[in-house]
Amino acid sequence: MDAAQQEATARARELQRNWYGEPLGALFRRLIDDLGLNQARLAGVLGLSAPMLSQLMSGQRAKIGNPAVVQRVQLLQDLAGQVADGSVSAAEATERMDEIKKSQGGSVLTNTAQTTTSSGAPTVKRVVREIQSLLRSVSAAGDIIDAADTLAPSHPELAEFLRVYGAGRTSDAVTHYQAHQS
């Protein structure tokens, strides 16, 4: 690799750090390790060609052009975190990756139709995911379940809330949320 190519690669990686929080090579390698994938499977789940994934990882390309792919990357990062904290099993992760692969995605920043209603209010699923994300950023699923068990005798509703949103599936949390709205 000549000096111009090295400079272009370094610039692409810096842009990736600004756009995605880190170079995509590091991010994708972590997803591959955490989710037990190979590059071809990761490319398939994301909806990228294997050569495009390779170019993004190596810094030959800086940006993911398709907002749906960016959304799938975010969903896979969330899934990898859930696998790491034990709230999602390997079998469930495989099933979820198939769902992510089929998702149309859409960037959270640019595709408001995915995250808000026509009135501009956030969708139930979006609100639920924000609650889940907040709880899971504070504590691991196992600790949340332990706290719920401690609270259960005196505060069963609060214990249920912690279990459902802190360690449960998004679909169960959406059902819980809808059942508790007036």
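This is a short tour of a predicted model of a protein chain, to be followed in the viewer.

Begin with the whole chain in a cartoon view, where the secondary structure comes to 11 helices and 0 strands, so that, read from the N terminus on, the elements run α-α-α-α-α-α-α-α-α-α-α. If you switch to a surface view, the accessible surface of the protein chain comes to about 10,500 Å², of which carbon and sulfur atoms account for 52%. Of the 182 residues, 35% count as buried, and among contacts between residues at least 6 apart in sequence, 60% join residues at least 24 apart.

Next, select T9, which is found in helix α1, covering residues 3–20. Is T9 buried or exposed? Its relative accessibility is 10%, and because buried means under 20%, T9 counts as buried. Now display what surrounds this residue: leaving aside its neighbours within four places in sequence, T9 is in contact with M1, S58 and G59.

Then turn to the aromatic rings, for which a search of the whole structure finds 2 aromatic pairs. One of them is formed by W19 and Y20, an edge-to-face pair with 6.3 Å centre to centre and 80 degrees between the planes.

Stay with W19 and add K63 to the selection, since there is something to see at the ring face as well. K63 lies over the face of W19, at 5.3 Å from the ring centre. W19 itself has a relative accessible area of 43%, which means that this residue is partly exposed, whereas T9, the earlier stop, is buried.

Definitions and conventions. Residues are numbered from 1 along each chain as its sequence is written. This is a predicted model: local features need pLDDT of at least 70, side-chain atom pairs count only at pLDDT 80 or more; totals for chains, interfaces and linings use all residues. Side-chain values use heavy atoms; hydrogens and water are left out. Helices (H or I, at least four residues) and strands (E, at least two) are DSSP runs, numbered from the N terminus. Buried means under 20% relative accessible area, exposed over 50%, partly exposed in between (1.4 Å probe, protein chains only). Contact means heavy atoms within 4.5 Å. Accessible areas come from the Shrake-Rupley method with a 1.4 Å probe; for residues, only the protein chains shown count as cover. Rings of Phe, Tyr and Trp (its six-membered ring) pair if their centres lie within 6.5 Å; planes under 30 degrees apart count as stacked, over 60 as edge-to-face and the rest as tilted. A charge sits over a ring if NZ of Lys or CZ of Arg is within 6 Å of the ring centre and within 35 degrees of the ring normal.
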